[in-house]
Amino acid sequence: MRYTFTTLCSIIVIFLSAQAPVITTVFPKNQAIGVAPDNVISIEFNEAIDPATMTFGNFRVFGRWSGPTEVAFSLSSDQKTVQMTPFQPFMAGEWVTVMVTKNVTAADGTPMDKAYVWNFWTKVSIDEGVLVYDLIKTIELRQPGEGLLQAYGAYAGDLNNDGYSDLTVINETSDDIRILLNDGTGDYNDYELIQLNSGTPSPNEGADFDNDGEIDLAICTAHDNQLRVLYGDGTGTLGDMQDLTTGTNARGLGVIDLEGDGDDDIVIANRGSSDLTIFENDGFGNFSSSNLNSPGEGESGLAVADMNNDGIQDIVLGMYTSSDLIVMFGDGDGGFSSGIPVAVVGQPWMIAVGDFNGDGSADVASANSFGHNVAISLNDGSGGLMDPTYLAESNALFPLAIDLGDLDGDNDLDIVTSNYSSSTYQIFYNDGSGTFATGPSLPAGAHASCAILHDRDNDGDLDLTGTDEGDDLVLLYDVSIEVLSTTEWNEVFTSVTPNPFLDVVQISLSEDAGRGTVQVFDVLGRRIRTLSGNELIEWDGKDQQGALVSPGVYYLRWSGEDSQGIWKVVKAK
């Protein structure tokens, strides 16, 4: 009986022991795309939590461009579900990070074992039609008499809290940053120049390092061994600056919470010393450093995301020397273990992460400089990377930067690369399955260095802002939609029949149309066929190479001597 009594007591002790709260469900889900900018964020726990730990410091929300986000909290009657409603909507199409720190406790005071972090993308609103990218303004960054600045890239965070995306341009050769505040219409005029004295500033990312609710900026050097952290005060400038030492040739930068305490830490990829430098934050923006090695060589590209859906942030690396992609899995306490490297063709210069095929797991896209391609490595569902497929465009030479966003408003992630040698920004459209079609190629100046996707004018779609490091330019591209919307255009096309069509569609034009061409576009704005003639033109449903196009919506665009017009036609199944 003594044995039985002891066993029962052990069971009672186990039953009464404190349980750490565990998050069971989050909404929006990790890597969700197309979330309404004002959507409520919801977190469900397996047991009641202590309302006293439901604070901004323990439930952190950060928009990549909108910055730290204040929310209104509500707690369900059983104290298991926390809802957070943003005071202000996020910007359209931006990447949002939500963190629940391990300082959140159960009702009995037991803290979470690990923090929980996830990401989602906000919705982009675009009408049906042909996407057109127009260069609406070119901004010269050089002052009179200045030489090469080498405007390598920019950060598009809202530094003055007016709800618009500002630009902080980072210049390698002149060793400075230039802050261009948005005027409220999507335009930028004068800039503030801040000298860095840090060698060759380049990779950068925004965060709230000192936990004051304002955007700060971390910048590391491409050819030196330095990190600068500049602190924002919400007025549109970046003031106090902290100087830190990295490994050699700091080429990649990511923001991560290493141990789940709610402080933004920093990880740096050092191409020259082939290692990582980890900067741990004390909560007030002061950092201590340590080193971390990976199995590859020449750490260059770096991104942070939860790759295996365990709520813990991982590090994804693009290795310039060994030409592979590697996931370093975080344990939530500052430790990391390496996944299996995946080889790519070319040298990864910069990488980006997001869910390309809609399976809820983050995938990886790598801009491979000398390979003149983009490698797409899908997630195997457990955080491992699959063998890559490649996106290549003959005139997209030496891609060195890459960004993601839902350009066409269909709730999947498209890609834009910045191509140094061909001086172009190349767009690739995703069909939702992780398969990409080549979109338009937009010209830069001398050397395209960075393309940023952000809703510059707050009209609900993603615009493209490019930097050119050869001519030191900022190029503002605006996206617009061409649709049939005017009576005059109706008068160009007298009939388009049959519509929908199966084999051939006959296009009749007015006698006043004159001579010209009909260009056929798909819904992504790609020109697939040019037809010549006047008054009566036929399209046999084939592209310029003679292949039948897929069923769907197409646009007929008439360009004549004295008239123009556009008409929608449907290719039937």
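Two strands count as paired here if DSSP finds at least two bridges between them. In this predicted model, that is the yardstick for a small sheet around strand E3. Strand E1 (residues 23–27) and E3 (residues 41–45) are joined by 4 bridges and run antiparallel. Ile23 of E1 sits opposite Phe45 in E3, and Phe27 has Ser42 as its bridge partner there. On to the next pairing: E3 and E7 also go together in the antiparallel sense, again over 4 bridges, with Ser42 standing opposite Gln83 in E7.

Put together, the strands make an open sheet of 4 in the order E1-E3-E7-E6, with antiparallel pairing. E1 and strand E6 (71–75) each have a single partner strand and stand at the edges, so one side of each has no neighbour in the sheet. From one strand to the next, the twist averages 15°. As for cover, E3 is mostly tucked away, with 4 of its 5 residues buried.

Thr81 gives a closer look at this region. The residue belongs to strand E7 (residues 81–86). Neighbours within four places in sequence aside, Thr81 is in contact with Ser42, Ile43 and Glu44, and also with Ser74, Leu75 and Ser76. Ala48 is 33 residues away from Thr81 along the chain, yet the C-alpha atoms of the two are separated by 8.2 Å.

Next, the nonpolar cores. The largest one has 29 residues, and Leu167, Ile177 and Leu238 are those with the most contacts inside it. Several strands give two or more residues to this core: E11 (151–155), E12 (167–171), E13 (176–182), E14 (188–195), E16 (216–221), E36 (448–454) and E38 (473–482). A second, separate core of 21 residues includes Ile49, Val71, Val98 and Val104.

Leu167 shows how parts of the chain come together in the largest core. Not counting residues up to four places away in sequence, Leu167 touches Ala154, Tyr155 and Ala156, along with Arg178, Ile179, Leu180 and Tyr188. Its other contacts are Ile452, His454, Thr465 and Val474.

Further along the chain, strand E40 (residues 505–509) and E43 run antiparallel and are joined by 4 bridges. Ser508 stands opposite Leu536 in E43. In a regular strand, side chains alternate between the two faces of the sheet. Strand E43 (residues 536–539) shows such an alternation: Ile537 and Trp539 point to one face and are buried, whereas Leu536 and Glu538 point to the other and are not.

A few backbone details round off the picture. The loop between strand E39 (493–497) and E40 holds Pro498 as well as Pro500. Each follows a cis peptide bond: Thr497 is joined to Pro498 with omega about -15°, while the bond from Asn499 to Pro500 has omega near 15°.

Two asparagines have positive phi values. Asn411, in the loop between strand E32 (399–405) and strand E33 (414–419), has a phi of about 65° although it is not a glycine. Its relative accessible area of 36% makes Asn411 partly exposed. Asn458 is found in the loop between E36 and strand E37 (463–468), and phi of Asn458 is near 55°. This residue also counts as partly exposed, at 34% relative accessibility.

Definitions and conventions
Residues numbered from 1 in each chain as written. Predicted model: local features only at pLDDT ≥ 70, side-chain atom pairs only at ≥ 80, totals over all residues. Heavy atoms only, no water. Core = buried A, V, L, I, M, F, W, Y, C linked by side-chain atoms within 4.5 Å. Buried < 20%, exposed > 50% of the residue type's maximum accessible area, 1.4 Å probe, protein only. Contact = heavy atoms within 4.5 Å. Axes fitted to C-alpha atoms, helices over the stretch in contact; angles between N-to-C directions.
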